[in-house]
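Got your viewer open? Let's take a short walk through this one, a selection at a time.

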Amino acid sequence: MTRIEKSINESWCFFHINYYPNKPIYPNKFYNFRQISTLKKNLRICGQKNISFYFCTMISQENIFQISSKKEFEKITLKVFRHQYDTNLVYQQFCNFLKKDKNNVKSITEIPFLPIQFFKSHDVLSADEPIQQTFTSSGTTGMQTSKHLVTDLSWYEMSYRLGFSEFYGNIEDYCVLALLPSYLEREGSSLIYMVEDLIQSSNHSASGFYLNNHSELLGKIEKLNKEGQNTILIGVTYALLDLIEYAQSTSFPLRGLGGNLIIMETGGMKGKRKEMIREELHTILCNGFGVSKIHSEYGMTELLSQAY
């Protein structure tokens with residue numbers, strides 16, 4: 001093994017091009033370090049001696065999740081752009097139509113953004129590995145939904161775990177209650193994937209999902225409040241309003257239970273109610289739950305990140 005080969009770890013890959021007289025074998029494909037030795041041996045057995053390998057760095061999770069300065073952010077962002085341009089054919093073609101490529105994009109402001117419409121019409125992929133999960137957008141009846149083909153779920157898991165920790169601290173300090181009926185009733189929700197993992201990571205016996213069992217949920221909130229337990233109620237917007245109205249209709253003292261309760265709205269009305277401006281919505285939620293502020297979580301099927 002050469003000195004160069006010893007220094008290469010799993011974050012590197014090899015870009016290999018080799019040709020028979022009239023057709024390529026193993027064309028335009030990436031291989032990791034463990035695959036390369038077998039590939040070399042097989043090609044030599046086939047009598048192929050003119051083998052060309054091109055080195056290319058993959059983007060590691062350490063690169064992405066340990067950025068500590070604006071300068072480092074810009075450097076990694078450009079590196080990610082070049083990686084996506086090289087490996088994602090849909091994105092590369094889109095950039096080429098705009099006359100942008102990895103050689104003439106010099107700053108992050110010049111990087112083209114791929115419209116989410118492509119996630120509805122194309123398979124947007126940057127890897128050859130098997131697809132572990134396909135996330136789909138909710139959409140409305142008859143609307144074509146976006147699909148995000150994920151080949152490595154650990155990127156998404158690392159993203160939302162670190163994102164939560166950045167804003168709220170240790171997940172084990174909370175009980176997580178989820179009121180996400182429209183998401184639970186379909187498959188492929190990245191929000192459900194995230195919240196289910198947060199529920200399990202909380203290690204709290206009362207953490208869990210709720211559909212339309214409002215009475216049980218209100219009883220759970222009351223019990224946790226008496227115990228002084230920090231609690232996050234994350235809910236799709238219309239379902240939180242439904243819960244408030246149910247509490248009012250049954251004279252349940254919901255407004256007196258906000259001491260250790262974080263209300264986190266996400267997902268909008270989903271066609272169930274008339275849309276509201278955020279200020280109006282948050283006023284209703286604050287009054288209904290007896291809290292001083294409302295937290296918001298925003299994510300997209302097409303992204304593996306969240307905004308709080």
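Start by selecting Lys-102 and colouring it brightly. This is a predicted model, and in it Lys-102 has a relative accessibility of 31%, which makes it partly exposed. What does its side chain meet? Add Asp-86 to the selection: the two form a salt bridge, with the closest N and O atoms 2.9 Å apart. Now show the cartoon around them. Asp-86 sits in helix 4 (residues 70-87), while Lys-102 belongs to the loop between helix 5 (89-97) and helix 6 (118-121), so this contact ties together parts that are 16 residues apart in sequence. Asp-86 is partly exposed as well, at 32% relative accessible area.

That pair is one of several. How many salt bridges does the structure hold? The count is seven, and we'll drop in on a few others.

Next, pick Lys-223 and Glu-227. Their side chains meet in a salt bridge, and the N to O distance is 2.5 Å. Buried or exposed, or something in between, for Glu-227? With 46% relative accessibility, Glu-227 is partly exposed.

Now jump to Arg-273 and Asp-242. Here the side chains make a salt bridge at 2.8 Å, N to O. Look at where the two partners come from: Arg-273 is in the loop between strand 9 and helix 12 (278-289), and Asp-242 is in helix 11 (residues 237-249), so the pair links parts that are 31 residues apart in sequence. Both ends are partly exposed: Arg-273 has a relative accessible area of 26%, and Asp-242 comes in at 27%. Before moving on, add Glu-245 to the selection, since Asp-242, Glu-245 and Arg-273 are linked in a network of salt bridges.

Last stop: the sheet. Hide the side chains and follow the strands. You're looking at an open sheet of five strands in the order 7-6-8-9-10, with parallel pairing. Which strands stand at the edges? Select 208-210 for strand 7 and 295-296 for strand 10; each has a single partner strand, so one side of each is left without a neighbour in the sheet.

Stay at the strand 10 end and bring up strand 9, residues 261-266. Strand 9 and strand 10 pair in the parallel sense over two bridges. To see one residue pairing, click Met-264, then look across to strand 10: the bridge partner there is His-295.

Note on methods. Residues numbered from 1 in each chain as written. Predicted model: local features only at pLDDT ≥ 70, side-chain atom pairs only at ≥ 80, totals over all residues. Heavy atoms only, no water. Pairing = 2+ DSSP bridges. Helix = DSSP H or I, 4+ residues; strand = E, 2+ residues; numbered from the N terminus. Salt bridge = Lys/Arg side-chain N within 4 Å of Asp/Glu carboxyl O. Buried < 20%, exposed > 50% of the residue type's maximum accessible area, 1.4 Å probe, protein only.
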